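Student: Could you walk me through how to read a few features here?
Tutor: Sure, let's look together.

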Amino acid sequence: MSLKHAVLAALLEGEASGYDLAKIFDVSVANFWAATPQQLYRELDRLAEAGLITARVVQQERRPNKRMFSLTEPGRRDLAAYTSTPPRPSAVRDDLMVQVQSCDEGDTQAVRAFVARRMETAREKLARYDRMRERMLDGRDEERYLDEAERVGPYLTLMRGRYFEEENLRWGERVLAVLDRRAATTRGTVTAGLG
């Protein structure tokens, strides 16, 4: 996927400024696509030049003027065409996995702390996703929401983010249990050798 299509998809929610889009990316798109504000602004300029979005300037009195972006019909067609293009397989590049892979030769306690921190981050994301889910459902149960909502894509990607973080927690719990058990066994062996 390209940033181009992530931006076009975010604009399905309606007109937004670059700042608004950065917040949208941070809140609702971050579970499957990351972009810095600088990358986002450069992409907005490219999309406007290509005619896939429009930009209008909103005059503000006590703040700098801001540009508001919205999808054009060519942008909608491009996004629609993109939905029928087979996606590339996901590729995971995760420093923590390399550290865990190497923990037997390295600082196991540091790796353990990194895994615990990853779990804390997963809990924080789950809490944020749960708040987003409650806002989306707005008192409805999931099935009613999915039957009635104008758009279900944002909810479905939110669910993917939740499942991903839930799996991070399950994996982290298992890793910590294994590392703790091995550390206890090693301590027991060392203690027995001293006696």
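Student: Which backbone atom lies 2.9 Å from a polar atom of the side chain of Ser17?
Tutor: A polar contact is a pair of N or O atoms within 3.5 Å; within protein, one must be able to donate a hydrogen and the other to accept it, and residues adjacent in sequence count only if both atoms are side-chain atoms. Here the partner of the Ser17 side chain is the backbone nitrogen of Asp20, 2.9 Å away. This is a predicted model, where local features need pLDDT of at least 70 and side-chain atom pairs pLDDT 80 or more, while totals for chains, interfaces and linings use all residues. Residues are numbered from 1 along each chain as its sequence is written, and side-chain values use heavy atoms, leaving out hydrogens and water.

Student: Is Ser17 buried or exposed?
Tutor: Buried means under 20% relative accessible area, exposed over 50%, partly exposed in between (1.4 Å probe, protein chains only). Ser17 has 4%, so it's buried.

Student: And what does Ser17 touch?
Tutor: Contact means heavy atoms within 4.5 Å. Leaving aside residues up to four places away in sequence, Ser17 touches Lys66, Arg67, Met68 and Phe69.

Student: What is the order of the strands in the open sheet?
Tutor: Strands are DSSP runs of E, at least two residues, numbered from the N terminus, and two of them pair if DSSP finds at least two bridges between them. The order is β1-β3-β2, with antiparallel pairing. β1 and β2 each have a single partner strand, so one side of each has no neighbour in the sheet.

Student: How many bridges join β2 to β3?
Tutor: There are 6, and Ala55 has Phe69 in β3 as its bridge partner.

Technical notes:
Helices (H or I, at least four residues) and strands (E, at least two) are DSSP runs, numbered from the N terminus.
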